[in-house]
Amino acid sequence: NILFLRGFTILFLSCIAIRLNLCLSSIPSSLKSLPLGGHLSFDELSLRSAAKDFGNRYQYHPMAVLHPESVSDIAATIKHIWLRGPSSHLTVAARGHGHSLQGQAQAHGGVVINMESLKVPEMQVHVGSSPPYVDVSGGELWINILHETLRYGLAPRSWTDYLHLTVGGTLSNAGVSGQAFKYGPQISNVQQLEIVTGTGELVNCSKEHNGELFHSVLGGLGQFGIITRARIILEPAPTMVKWIRVLYSDFTAFTTDQERLISSEQTFDYIEGFVIINRTGLLNNWRSSFNPQYPVQASHFKSDGRTLFCLEMAKYFNVEEIDAANQEVEEHLSRLSYIPSTLFSTEVTYVDFLDRVHVSEVKLRSKGLWDIPHPWLNLLIPKSQIHNFAEVVFGNILTETSNGPVLIYPVNKSKWDNRTSVVIPEEDIFYLVAFLTSAVPSSNGTDGLEYILSQNKRILEFCQRSQLGVKQYLPHYTTQQEWRAHFGPHWETFLQRKSVYDPLAILAPGQRIFQKAI
Ligand code: FAD
């Protein structure tokens, strides 16, 4: 009897294994039979590169990579997976430029869509409309949009600091830079979207038409649909930029000036800032394509080991308006309380200004320092808590070195649309504080991954313990409980939207918010 039972169990288990194998192996072949204009890759090289991102810490291999030629390739693939129902384990992740930090654009055993292959619609600039706009593919890089729109003397109004990112990738988060105080993040500068939902439906949407989907997708972490086309608002582009940096040793003077500047209509076109902690080495300076021309006095300024705060501003102008621009800049600067000998100023072309981080990328790549782990931490901090935060974090936690730039600048909440999915603090002004750290591979010291991660943890624990009302930007959590806490009162809406637009939780599994029901 025992022998019979054992034999039966082995047979039973073998059957299950065979069924499972058949099921798994039939998935690629059923995908292969899809009539696509583009193609699917199953080779090791493609799978490996779809399992990499800028963070360089998480690597989940997909089962296939889709290189779509058209929107219908994307719709057909998702529809196919949707129709197989919950019994298939397949998920789908759009991959923009793969500059996520913790595997957000990866799909373990699923299908990764290489959005940069999607070349439709061809970029089309509409000059005559008010405001002018450009229609672009969701896989388009912002740097390409800049070059194309400049041919018409136009450019988008709101940027990220780095332009080698895709439209779909930044709109899934928010897209924040020094223009956000004035125009809001990139998600506030989009008029229309074309989306393929988690059921494979192709839907056009805007604030007025299918508004719920439109707002869900913006800042939606890829959870509700694939952005295949976006209509982006443009403005007349300048040709030149006055780029200015001034230093403060007093944090209150620094934030008072930043907040005054972002609260006025008559101000700079770009306002950011960063913290200078014991700064040495190329990694710490990787964003500094800034090359001050004068005064010489400022470049000899010594920090004497103090933590300093740098206010960074830019004024756009056209060559023929240089005198007026200079005068305006003088007026704005005269109202600030920076250390008088620390005025660094330069003039660059508009393109060089916007593409400034790429210069550092080229430098770092040549030294093998770009493709290393990036344990970044990005926080949104209410204005009322920024002093408390700075005192503890810059005074106690990050004292020796920062292993990379630490950005800090305020934005106006009124420029953010609270119907979108992005989660922000409750106050009218909040700060973006970005710890853009690089970890030296196999170092066990303060520039190593483990040390930096433990520092990030200390920062997060302090924020939580002190109930600062901080929200993570480019959020990363591993449990649904943490996600619930992140969304707070918006969780129910997020859940409801998910149940409508991606009921099987097929999309963007790398965010680890939902698990596909099997
Ligand atoms: P990916 O990493 O490929 O994707 C990000 C997420 O969006 C994934 O979940 C993915 O599935 C989803 N997704 C991608 N494309 C689509 C699509 N078409 N439709 C739906 N979902 C999609 N952010 C700022 O706000 N401001 C900055 O100044 C800034 N600077 C940065 C500088 C550098 C050097 C780097 C590496 C990142 C920076 N970021 C900044 C963060 C950046 O905006 C995000 O990491 C963004 O997601 C990267 O875009 P990507 O095209 O590489 O997206």
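Colleague: Where does Pro121 lie?

Modeller: Place a residue by the elements that flank it. In this predicted model, Pro121 is in the loop that links β4 (111-114) with β5 (124-126).

Colleague: Which peptide bond there is cis, and what is omega?

Modeller: Read omega across the bond. From Val120 to Pro121 the bond is cis, with omega near -5°.

Colleague: Where is the cis bond that involves Pro131?

Modeller: Look at Ser130 and Pro131. A cis peptide bond joins them, and omega is about 0°. Pro131 sits in the loop between β5 and β6 (133-137).

Colleague: What about phi of Leu474?

Modeller: Check the sign, then the residue type. Phi of Leu474 is near 50°, a positive value in a residue other than glycine. Leu474 belongs to the loop between β18 (471-472) and α16 (480-487). Keep Leu474 in mind: among the residues lining the largest cavity, Leu474 is one of those nearest the centre.

Colleague: Let's turn to the cavities. How many does the structure hold?

Modeller: Apply a size cut-off, then count. The structure has five cavities of 30 Å³ or more. The largest of these encloses about 970 Å³ of space.

Colleague: Which residues line the largest cavity?

Modeller: Start from the centre and work outwards. The lining has 49 residues, and His99, Leu165, Gly169, Asn173 and Leu474 lie nearest the centre. Next, map the lining onto elements. Those that give two or more residues are β3, α5, β10, β16 (406-412) and β17 (429-435).

Colleague: How does that lining divide by class?

Modeller: Tally by residue type. The lining of the largest cavity has 26 nonpolar, 20 polar and three charged residues.

Colleague: Where does the ligand sit?

Modeller: Match ligand atoms to the cavity. The ligand sits in the largest cavity. Then ask which elements surround the ligand. β3 (92-95), α5 (167-171) and β10 (225-236) each give two or more residues to the ligand shell.

Colleague: Which residues come nearest to the ligand?

Modeller: Take the shell, then rank by distance. There are 33 residues around the ligand, and Gly96, His99, Ser100, Thr166 and Tyr473 come nearest. His99 also appears among the residues nearest the centre of the largest cavity.

Colleague: How does the ligand shell divide by class?

Modeller: Use the tally again. The shell holds 13 nonpolar, 18 polar and two charged residues.

Colleague: Which backbone atoms come within polar contact of the ligand's oxygen atoms?

Modeller: Look for backbone N or O atoms, and read the distances. A polar backbone atom of Ala94 is 2.7 Å from a ligand oxygen. For Gln104, a backbone N or O atom lies 2.9 Å from an oxygen atom of the ligand. For Gly98, the corresponding distance is 3.0 Å.

Colleague: How much of the ligand's accessible area does the protein cover?

Modeller: Compare the ligand alone with the ligand in place. On its own, the ligand has 950 Å² of accessible area, and the protein covers 96% of this.

Colleague: Now pockets. What is the volume of the largest pocket?

Modeller: Treat pockets separately from cavities. The largest pocket has a volume of about 980 Å³. Its lining has 36 residues, with Leu460, Gln464, Gln472, His476 and Tyr477 nearest the centre.

Colleague: Which element gives the largest share of that lining?

Modeller: Count residues per element. α15 supplies seven residues, the largest share of the pocket lining. Elements with at least two residues each are β15 (377-382), α15 (449-465), β18 and α16.

Colleague: And how does the lining of the largest pocket divide by class?

Modeller: The lining of the largest pocket has 18 nonpolar, twelve polar and six charged residues.

Notes: Residues numbered from 1 in each chain as written. Predicted model: local features only at pLDDT ≥ 70, side-chain atom pairs only at ≥ 80, totals over all residues. Heavy atoms only, no water. Near = heavy atom within 4 Å. Polar contact = N/O pair within 3.5 Å; in protein donor to acceptor, adjacent residues only side chain to side chain. Areas by Shrake-Rupley, 256 points an atom, 1.4 Å probe, with all protein chains shown as cover. 1 Å grid on protein atoms, 1.4 Å probe; cavity = no way out; pocket = protein on both sides within 12 Å on 5 of 7 lines; lining within 4 Å. Sits in = over half its atoms within 2 Å of the grid points. Helix = DSSP H or I, 4+ residues; strand = E, 2+ residues; numbered from the N terminus. Nonpolar A, V, L, I, M, F, W, Y, C, P; charged D, E, K, R; others polar. Points joined across faces, edges and corners; volume = space filled by probe spheres on them.
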